[in-house]
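Here is a short set of exercises to work through with the model open beside you. Each one sets a task and then walks through a solution.

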Amino acid sequence: MKRGAALLFLALAVPTVGTRGQTMPGSPAGGNPAKSAAGRTLTLREAEATALRRNPEITIGKLRALEARQFVREARSALMPQASLSVTAVDANPGSRISAGYLNNPVIYPRAAAGASVSQLITDFGRTQNLLSSSEYQAKAEDQNAVATQQQIILAVDEAFYNTLETKALLRVAEETVKARQLRVDQVQALTNAKLKSDLDLSFSSVDLARARLLLLDSQNNYEASLSVLSAILGYQDRQDIVPEEPAEQVTPPAPDAAPLIQQALQQRPEVKALQEEVTAATKFSKAEHDLWWPSVTAAGAVGLAPVRDDHISSWYGAVGVNINIPVFNGFLFNARAKSADLETELKRKKLQGLQDNVARDVRNTWLDSGKAYERLSVTKQLQKQASQALQLAEARYKLGLGSIVEYSQAELQKTDAELQDTDAHYQYVLSQILLAYQIGLPR
């Protein structure tokens with residue numbers, strides 16, 4: 001799973017917003033960081049809680065789980081007694097019979113009566129019980145799907161939150177770069193006015209300052225765009241004036257081996273659990289469809305009164321009985337239903353196998369990316385240290401007249417690039433750890 005994939009998951013749940021590096025409608029290209037600094041402070045936990053409270057996907061997942069529980073009650077009702085009350089009034093030609101359309105020949109009497117009837121399934125040799133078990137496992141699958149939705153939203157919030165922190169840190173680097181290069185331009189300008197430096201030195205310094213200002217404009221725009229994305233994921237249509245608070249994250253090395261992580265993911269990922277429950281539900285339903293060929297035994301009883309009746313009818317009635325229904329032939333309907341259920345079960349099993357393969361691949365790739373990001377931390381730190389030393393030497397040589405403005409300018413560019421690389425490396429490693437935790441199903 002590539003970085004930002006969870007952000008796409010919320011595209012249907014939140015308004016469309018610009019991405020990093022694009023100017024947001026209604027916000028200036030060079031947003032004012034001071035305006036954002038005046039906003040309210042937002043911690044990572046507060047951001048996650050806000051998204052879970054406001055995002056409609058959470059409510060949808062809960063409603064689906066509640067709906068699945070009602071299907072369980074629906075299936076269980078077949079095991080319970082069925083009772084009904086009836087009131088009947090008939091006016092008929094005395095002594096008339098229904099003669100056409102039936103094998104029997106019942107007499108119709110004028111009457112007004114009321115009564116109750118009760119039926120109870122005695123056994124259908126496991127079909128109803130299998131249907132109940134299938135609906136129960138399907139309800140468990142919906143519960144896991146709701147958990148998966150929650151984890152996806154939390155991942156999207158975390159990615160947007162740390163992306164905002166990264167763009168904010170890069171903005172600080174750009175601001176410091178502009179200040180440093182403005183100071184150098186002022187110094188070279190003074191030396192040029194004193195005829196101690198040439199106009200070429202001033203031109204090179206001015207070009208570097210212009211580059212720094214362009215970097216600042218891009219950084220400001222990226223920060224504003226990241227705030228807009230974060231606001232949208234939190235459920236707001238407008239860009240919020242919030243200041244994300246840097247969490248106290250400890251940089252720890254990744255696990256030495258991916259195999260335990262893969263096993264953990266296969267056991268904990270809610271998507272895997274949900275599909276496992278669906279496979280079990282499909283298996284139970286397939287058994288229920290095969291049980292259609294078994295007989296069903298039902299007991300029934302009825303009792304009532306007929307205050308208005310013909311003289312041939314008793315004033316009350318009551319009866320009990322047992323009915324055994326044995327299927328013989330129905331045009332191969334039951335065979336087709338059983339075969340269809342078997343194929344659906346096999347389809348679910350293959351989907352589960354494919355999901356498990358994909359989870360193992362994603363965990364391994366994310367683990368590799370996390371290891372590379374961790375190694376990059378030390379490399380960028382060393383790069384920043386060496387770039388700072390190179391800049392100090394170039395500055396000293398330039399002031400002594402032993403080095404050129406080109407050498408000095410190149411050292412400054414390398415120093416700025418090293419700072420940007422180091423800042424990016426830190427947040428990329430934190431994001432890789434967050435994504436790895438998501439891939440193995442660790443709750444936050």
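**Exercise 1. Classify K415 by its accessibility, then describe its surroundings.**

Step 1. This is a predicted model, and K415 has a relative accessibility of 16% in it. The limit for a buried residue is under 20% relative accessible area, so K415 counts as buried.

Step 2. Now place the residue: K415 belongs to helix 10, which covers residues 405–439.

Step 3. Next, look for what packs against it. Setting aside residues up to four places away in sequence, K415 touches A387, S388 and L391.

Step 4. Finish with a distance. L200 is 215 residues from K415 along the chain, and their C-alpha atoms are separated by 22 Å.

**Exercise 2. Decide whether the overall fold is a compact globule or more spread out.**

Step 1. Take stock of the elements: the protein has 10 helices and six strands.

Step 2. Compare the radius of gyration with the rule. The value is 37 Å, well over the 22 Å that the globule rule gives for 444 residues, so the protein is more spread out than a compact globule.

Step 3. Check this against the extents. The C-alpha trace spans about 135 × 45 × 35 Å along the principal axes.

Step 4. Add burial and surface. Of the 444 residues, 38% count as buried, and the accessible surface comes to about 24,800 Å², with 57% of it belonging to carbon and sulfur atoms.

Step 5. Look at the contacts between residues at least 6 apart in sequence: 84% of them join residues at least 24 apart.

Step 6. Close with charge. There are 48 positive and 48 negative side chains, and the centres of the two sets lie 1 Å apart.

**Exercise 3. Trace the strand pairings from strand 2 through to strand 6.**

Step 1. Start at strand 2, residues 82–90, which is joined to strand 3 by nine bridges in an antiparallel arrangement. In this pairing, L85 stands opposite A116 of strand 3.

Step 2. Move on from strand 3 (111–123). Strand 3 and strand 5 run antiparallel and are joined by 10 bridges, with V118 opposite G301 in strand 5.

Step 3. Continue from strand 5, residues 296–308, to strand 6: this pair is antiparallel too, over 10 bridges. Here V297 has I324 of strand 6 as its bridge partner.

Step 4. Ask how well strand 6 is covered. Strand 6 spans residues 316–325 and is hardly covered, since the count of buried residues among its 10 residues is zero.

**Exercise 4. Contrast the burial of A306, N221 and P256, and give a long-range distance for each.**

Step 1. Begin in strand 5, where A306 is found. A306 is buried, with a relative accessible area of 6%. Leaving out neighbours within four places in sequence, its contacts are A112, A113, S314 and S315.

Step 2. Follow A306 across the model: K381 is 75 residues away in sequence, and the C-alpha to C-alpha distance is 96 Å.

Step 3. Turn to N221 in helix 6, residues 199–233. Its relative accessibility is 8%, so N221 counts as buried. The C-alpha atoms of N221 and V322 are separated by 79 Å, with their positions 101 residues apart along the chain.

Step 4. Go to the loop between strand 4 (242–244) and helix 7 (259–268), where P256 sits. With a relative accessible area of 79%, P256 is exposed. From P256 to A212 the C-alpha distance is 41 Å, at 44 residues apart in sequence.

**Exercise 5. Find two residues with an uncommon sign of phi, and say where they lie.**

Step 1. Recall the background: most residues other than glycine have a negative phi.

Step 2. Take F125, which is not a glycine yet has a positive phi of about 60 degrees. F125 lies in the loop between strand 3 and helix 5 (127–193), and at 41% relative accessibility it counts as partly exposed.

Step 3. Take F332, whose phi is positive as well, near 65 degrees. F332 lies in the loop between strand 6 and helix 9 (333–399). Its relative accessible area is 56%, so F332 is exposed.

Conventions:
Residues numbered from 1 in each chain as written. Predicted model: local features only at pLDDT ≥ 70, side-chain atom pairs only at ≥ 80, totals over all residues. Heavy atoms only, no water. Helix = DSSP H or I, 4+ residues; strand = E, 2+ residues; numbered from the N terminus. Rg over C-alpha atoms; globule rule 2.2 N^0.38 Å. Buried < 20%, exposed > 50% of the residue type's maximum accessible area, 1.4 Å probe, protein only. Contact = heavy atoms within 4.5 Å. Areas by Shrake-Rupley, 256 points an atom, 1.4 Å probe, with all protein chains shown as cover. Lys, Arg positive; Asp, Glu negative; His and termini not counted. Charge placed at Lys NZ, Arg CZ, Asp CG, Glu CD. Pairing = 2+ DSSP bridges.
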